[in-house]
Amino acid sequence: MRRILMVGCGWMGRPYLQRVHDRGLQAAVLDSPEAFTWPETKEALGRSDRTYPVSGTDHEAWLSGASDALADGPVVGVVPFSEPHVLAAAMLAEELGLPGPGVRAALTSRNKVAQRELFQRHGLPQPAFHVARGVESALAWVDAAWPVVAKPVSGSGSLGVRVVHDESELRAWFDEHATDAPVLIEEYLEDPEYSVEAVTDQGTVVFSSITAKTTGPPPFFVETEHRIPAEQDADELLRGVVRALGMGSGILHLEYRDGPEGPRIMEVAVRTPGDYILDGVEAALGVDLYDAVVAVACGERPHRIRPSHGTAAVWFPTPDPGEVVEIMGADRVASHEGVVKVEIDVEPGSTVKSPRSSMDRVGVVIVRADTSDELEARLKAVREELVFRTVPSGEDG
């Protein structure tokens, strides 16, 4: 049986396993030892799949695990899941002569400074930025032009990204993220935020859609809702980014803000987007991007790549901080027309915090409809019925 190497899978990567099996492939899965103990992961694995526990989170650990997997036989494709897996997967695909995003694209995906410098060289629109190697360097560049955005060079899920409004906040951010590594200080943009989800095959975009984002309050701006598809045209921007990256085959997640001066790039990643966006694309447009990623990794044609006409919302409830005492309506909401997914990640007794990153969310609901008006009505009914009752706990951070 032909095998595909999955570098990482985790909780949200399980749909890839189903698509691998649907294509008659065997999965060789690298992941942490803990991931293979989860009942949901065990259930998603096929009888002929092989698992290879990886001790570590750096790309060297993933390369070591891959050596064990490849010693058991060849593979016809390599699929990374999330940010820590991108570089090792790209290196392996290139070594084995298999389709992949390319090492340059993977390295750029992992480093926000590399992105800013690359896009600047290619004349692509983005915020003004400064690479700071300490708080004094950052303050000299800001020159009282507050607010600005402070970002670690690597990371995902908005972790560590902060809007800072004055010198004291910036100094506090540097103290919190004490590091000798450079950090990014960027112009703060208030324009609406979007993302492009695209699949490329040997440098050609074979599918793309745009997601409109709603975010929570400052200073963390955690995304609370996605709408698919957005009425935006980002084809030129996408083509420019694909060219600059030298993107080969794989998935690309491009975030941008669109204002009076046109779209400006926030960041790009050549891995699966989080926040159930792929599930939202399938709910709205009937396009299976999980299958498309597996297909292009193996040099095959994706199934179901022609979009239909629909719309969907991925909504993340944001209850008041405190201890959860009751969750009402989850079962009823799951049976609502148009609801394709309900996942609740807390239970009575859990503590809910004000979200500082995507890791602080309490659950997700995905709703689809044929029209925008129908979607609004269905989403309103869901929001009214699904209620998290909390009481103050004193532990909110």
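A residue counts as buried when its relative accessible area is under 20%, as exposed when over 50%, and as partly exposed in between. Keep that handy for the exercises below, and remember that the model is a predicted one.

**Exercise 1. Work out whether Glu267 is buried or exposed, and what its salt bridge ties together.**

Step 1: Start with accessibility. Glu267 has a relative accessible area of 17%, so Glu267 is buried.

Step 2: Find the partner. Glu267 forms a salt bridge with Lys151, and the closest N and O atoms are 4.0 Å apart.

Step 3: Place both ends. Glu267 sits in strand β13 (residues 262–269) and Lys151 in strand β6 (residues 148–152), so this pair ties together parts that are 116 residues apart in sequence.

Step 4: Check the other end. Lys151 has a relative accessible area of 5%, so Lys151 is buried.

**Exercise 2. Track down the salt-bridge partner of Arg23 and the network around the pair.**

Step 1: Recall the basic idea. Side chains of opposite charge can pair when their charged atoms come close.

Step 2: Apply that to Arg23. The partner is Glu300, with 2.8 Å between the closest N and O atoms.

Step 3: Look at where they sit. Arg23 is in the loop between α1 (14–22) and β2 (26–31), while Glu300 is in the loop between α11 (289–297) and β14 (311–315), so the salt bridge ties together parts 277 residues apart in sequence.

Step 4: Add the accessibility. Arg23 comes out at 14%, so Arg23 counts as buried.

Step 5: Widen the view. Arg2, Arg23, Asp291 and Glu300 are linked in a network of salt bridges.

**Exercise 3. Describe the salt bridge between Arg389 and Glu326.**

Step 1: Get the distance. The two side chains meet at 3.3 Å, N to O.

Step 2: Put them on the fold. Arg389 belongs to strand β19 (residues 387–391) and Glu326 to strand β15 (residues 322–328), so the pair joins parts 63 residues apart in sequence.

Step 3: Classify each end. Arg389, at 42% relative accessibility, counts as partly exposed. Glu326, at 30%, is also partly exposed.

Step 4: Set the pair in context. The model's salt-bridge count comes to 28.

**Exercise 4. Locate Pro219 and list its contacts beyond four places in sequence.**

Step 1: Find the spot. Pro219 is in the loop between β10 (204–215) and β11 (223–228).

Step 2: Classify Pro219. Its relative accessibility is 25%, so Pro219 counts as partly exposed.

Step 3: Leave out neighbours within four places in sequence; Pro219 then contacts Val161, Arg162 and Val163.

Conventions: Residues numbered from 1 in each chain as written. Predicted model: local features only at pLDDT ≥ 70, side-chain atom pairs only at ≥ 80, totals over all residues. Heavy atoms only, no water. Helix = DSSP H or I, 4+ residues; strand = E, 2+ residues; numbered from the N terminus. Buried < 20%, exposed > 50% of the residue type's maximum accessible area, 1.4 Å probe, protein only. Contact = heavy atoms within 4.5 Å.
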